[in-house]
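Grab a pencil and work through the exercises below. Each one sets a task and then walks through a solution.

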Amino acid sequence: MVALAPSLGTILDVRRRAAWREPSALPGFRGAFAFTLVYAGLIILLPLAALVARPWEHSPADLVHGILQPRTLAALRLSFVAALAAAVVNTAAGLVIAWVLNRYDFPGRRVVDALVDLPFALPTAVAGIALATLYGPNGWIGSLLAPLGVKVAFTPLGVFVALLAVGLPFVVRAVQPVLEDLDTALEEAAQTLGANTLQTFARVILPALSPALLTGFSLAFARGAGEYGSVIFIAGNMPGVSEIGPLVIVTRLEAYDYAGAAAVGLTMLAISLAVLIATNWAQVRLARRGAP
Amino acid sequence: MTASTRALRRATGFGPVLIALALFWLALIIGAPLATVVAEAWSKGSEAFFNIFKQPDALAAIRLTIIVAAIAVPLNAAFGLAAGWSIAKFEFRGKALLLALIDLPLSISPVISGLVWVLVFGARGWFGPILDVAGVKIIFALPGIVLGTILVTVSLIAREIIPLMAEQGSDEELAATTLGAGGWTVFRRVTLPNVRWALLHGVLLCNARAMGEFGAVSVLSGHIRGLTETLPLHVEALYNDYDFVGAFAAASLLAGLAVVTLIAKSALERVGAPRSTT
Amino acid sequence: MTLTIDRIYKQFGRYPALTGVSLEAKDGEFLTLLGPSGSGKTTLLRVLAGLETPDHGCVFLDGVDFLALSARERRIGLVFQQYALFRHMTVAKNIAFGLDVRPRHQRPAHATIKARVDELLSLTQIEGLGGRYPAQLSGGQRQRVAVARALAVEPRLLLLDEPFGALDTKVRKELRGELRRIHDTTGVTTILVTHDQDEAMALADRVVLMNQGRIEQIGTPAELDAAPASPFVFEFLGGCNRLPCEVGGGVARFEGFAAPLVESIPTKDGYGVALFRPADTRLDLGANAAGLPVRIVDIRGRGALRTIECQTLGGLRLTAELTEQAAAAFEAGQRAKLTARRAVIDAQDAARPDASATVEKLASTTSNAVRR
């Protein structure tokens, strides 16, 4: 009979928790969440806060001046233009490779499939010296191109070539799962309705893949614009000609010009994020259009 | 990455052309550089190749690389699991923001990932003067290299685990709770086994990237031979010294690590895939 | 184990899921929580399991404050809708889990656990499947494992959330009988959530019919059938004929015809909708018989029952369900008088403008109706 009176604890305990999270019968949120926040705060947020704060410490004019130097501008332009060009080529090449890997059976398919990830796993410095040698005057490919008057190593073209390898897996791995899920019945339906191979591809398959292609493109672009290791060996690093953005940061840091280095870093990050956000927005719209 | 279940077609029509095109491109973009590494490393014979393992600087670089990965990878794994547990098993406001923050390092240039730590801990950084007084060295020393490596690889494990945990939901954990299991038991006996393949997958990738990191470490290391030089930095140093055989021998070690990682990864995808899809 | 639920309130954001639910379950009783989706039945089950905390109210189990205990401490057996079996553990490991995770000093010996698992495997009739993984089982087998796992901890309360939802019709019927047998063998107080009235009626000692976060009625299946407490209960428990009517002076008028059969239903004067089951509907061919004049449109069915479609003068379709012999007297096109043995008048429905409009229209178009 005592029990029938609701215990004070039960009444008071109702919803004592903060409203920002839904209550759960599972324990351990507090600890895991606190660790996550502290870790992400110290490892990601704190250093990025420095990147955002420090370019302005002398005066905003300094920031603008630091960016607008011809040498810096040329380096940023090279990084972003080469990344853009490489991402475009990679989108096309990645689509073909993903298609071949998912649709056809041929000897060594699994090995090739695994090899696509090599640029993810191969240290950039290793790729860098390999590319510099390969496309150098005495390299396997460089010696073939030299008689044609094409110079790749130590020119802006070298930057572009290096970024081709860097971005490729992003596109392939973005497209593959979508291709996997794409119902072959769609293609078959298009064919029974009289579409030829090209029409089927252009009007049925490509629209379905476009959000994934856009994702792959933007990731390849962002990664390429910031790439350092695989580029500096082949680029030649001539100021104003084949010097890339990240190298300007390194040079300024070596001169203890923290604000200047931070200014270039912040600019590069801002451009990359703007492209990522824009493509993300476009991708969401594309996906919504394609939703059944 | 894809466990293909669909019946693959024999190539017909455009097929052989496309396959040839794809294989040629991959050979050019990925195969040729890899072959170059091997060919250059062995160009002066095996003695020149194995010479690398006799140089103290190279051995020190290998040791430092392993130490850095041994610190960075477990920390990032712990972070991935904690983030997965709190983000995938609970509902709270600001979740999307936290997820975006975790993804952010993937779109940051490695050089910037090094730069930011200099801005915080460098000689003219926010905490530089205090650290100088205290006699603690972070930049151009092991802690800086570790911090740079962690920042570059922080998202890799979390990104493998969070989507999988979210997809699995929390019914199994709730079931375990109603059966009397405590929080730690639920995690250890229900959650962890369910994500073990994804965790291992993430650890493999994270480890490969941590051992091979160049841009961030290059900014933070100070390039002191035998002391603050990781293996990728040692490759650069040898290359710049025109010791090409040495550089490519060291590089082929790293390339070997990458290839082993890929083999382990695709083996893991074959083991892990069947059960994770049911 | 007597379970007392006292005035439970639970709100999700602005949406009230439970609004003052009180209920008592006797020791060893099998209760079903029945209701349409969104009626609060699953929320109530989750409150009992400790997965949701109510905003107000109390739950006692044998006098112990249940809400003060965490889900972990309650020692209940919960069978999830999708079973939530541990996918990386064998069936035997799944069943043993609740015993395995006990603190060392409370944990039974290995042999005891093994014996208990074997006992449960045989109780749920899945002997020999102990070494399989959940992915290797059929839906019905998974459900048996889920029940066995829940029973392993000797729960004070067995809770099942739509346990038959994921199964096909044939397996569902079979497992229904199984579950009742397991309940009768173990004697554990059981609460099952379902939206299927056949299932609820077939399984339960008592059915708790819920709607919009409230309990509409609690009773044995026979009680619910015989004395529905509200039009909602009446309608939810079986297909209904709906006939707009006007109630005045204790008599209900359909299309202007007074129908004597519903006089016994006490209700306020005004417009309403009469609800009656096809099985309670009678047809009479006699010219002087009392009742609502209808025309027989169609007779269908096979076996012992016939469904007769009728149409009123106002064009409303009504259905009567007769035995084969009784139906033999009728054929399509005939005129007949329709009466109902039993009907419920839903006065609330008349508040809908379209419903009352229909009634008014019908009343006016049959001005030459014979009035008593």
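**Exercise 1. Find what C:D280 touches, leaving out residues up to four places away in sequence, then place the residue and decide whether it is buried or exposed.**

Start with the neighbours: C:D280 touches C:T339, C:A340, C:R341 and C:R342 once residues up to four places away in sequence are set aside. Keep in mind that this is a predicted model. Next, the place: C:D280 sits in the loop of chain C that runs between strand 14 (270-276) and strand 15 (281-284). Last, the accessibility: buried means under 20% relative accessible area. C:D280 comes out at 13%, so it counts as buried.

**Exercise 2. Do the same for C:L123: which element holds it, and which residues is it in contact with beyond four places in sequence?**

First, the element: C:L123 belongs to helix 3 of chain C. Second, accessibility: its relative accessible area is 15%, so C:L123 is buried. Third, the contacts: leaving aside neighbours within four places, C:L123 is in contact with C:L151, C:R181, C:I182, C:T185 and C:T186. Now pick out C:T185 from that list. C:L123 and C:T185 are 62 residues apart along the chain, and their C-alpha atoms are separated by 8.8 Å.

**Exercise 3. Work out why helix 2 (residues 91-100) of chain C is described as largely enclosed, and what covers its buried residues.**

Step one is the count: eight of the ten residues of helix 2 of chain C are buried, so the helix is largely enclosed by the rest of the structure. Step two is to name them: C:V91, C:N94, C:I95, C:A96, C:F97, C:G98, C:L99 and C:D100. Step three is the cover, which draws on two chains. From chain B it includes helix 8 (171-178) and helix 9 (183-212), and from chain C it includes helix 3 (110-123) and helix 4 (139-152).

**Exercise 4. Describe the interface of chain B and chain A: how many residues does each chain bring, and which polar links cross it?**

Begin with the extent: 97 residues of chain B meet 101 residues of chain A. Together they bury about 8600 Å², with 77% of that on carbon and sulfur atoms. Then look for charge pairs. The count is one salt bridge, formed by B:K265 and A:D117, whose closest N and O atoms are 2.7 Å apart. The rule also finds 14 residue pairs in polar contact across this interface, both partners at pLDDT 80 or more. On the side of chain B that touches chain A, helix 1 (residues 15-41) gives the most, with 18 residues. That side of chain B divides into 66 nonpolar, 18 polar and 13 charged residues.

Note on methods:
Residues are numbered from 1 along each chain as its sequence is written. Chains are lettered from A and ligands numbered from 1 in the order in which they are written. This is a predicted model: local features need pLDDT of at least 70, side-chain atom pairs count only at pLDDT 80 or more; totals for chains, interfaces and linings use all residues. Side-chain values use heavy atoms; hydrogens and water are left out. Contact means heavy atoms within 4.5 Å. Buried area is the accessible area (1.4 Å probe) that two parts lose on being put together, summed over both. A salt bridge is a side-chain nitrogen of Lys or Arg within 4 Å of a carboxyl oxygen of Asp or Glu. A polar contact is a pair of N or O atoms within 3.5 Å; within protein, one must be able to donate a hydrogen and the other to accept it, and residues adjacent in sequence count only if both atoms are side-chain atoms. Ala, Val, Leu, Ile, Met, Phe, Trp, Tyr, Cys and Pro count as nonpolar, Asp, Glu, Lys and Arg as charged, and the others, Gly among them, as polar. Buried means under 20% relative accessible area, exposed over 50%, partly exposed in between (1.4 Å probe, protein chains only).
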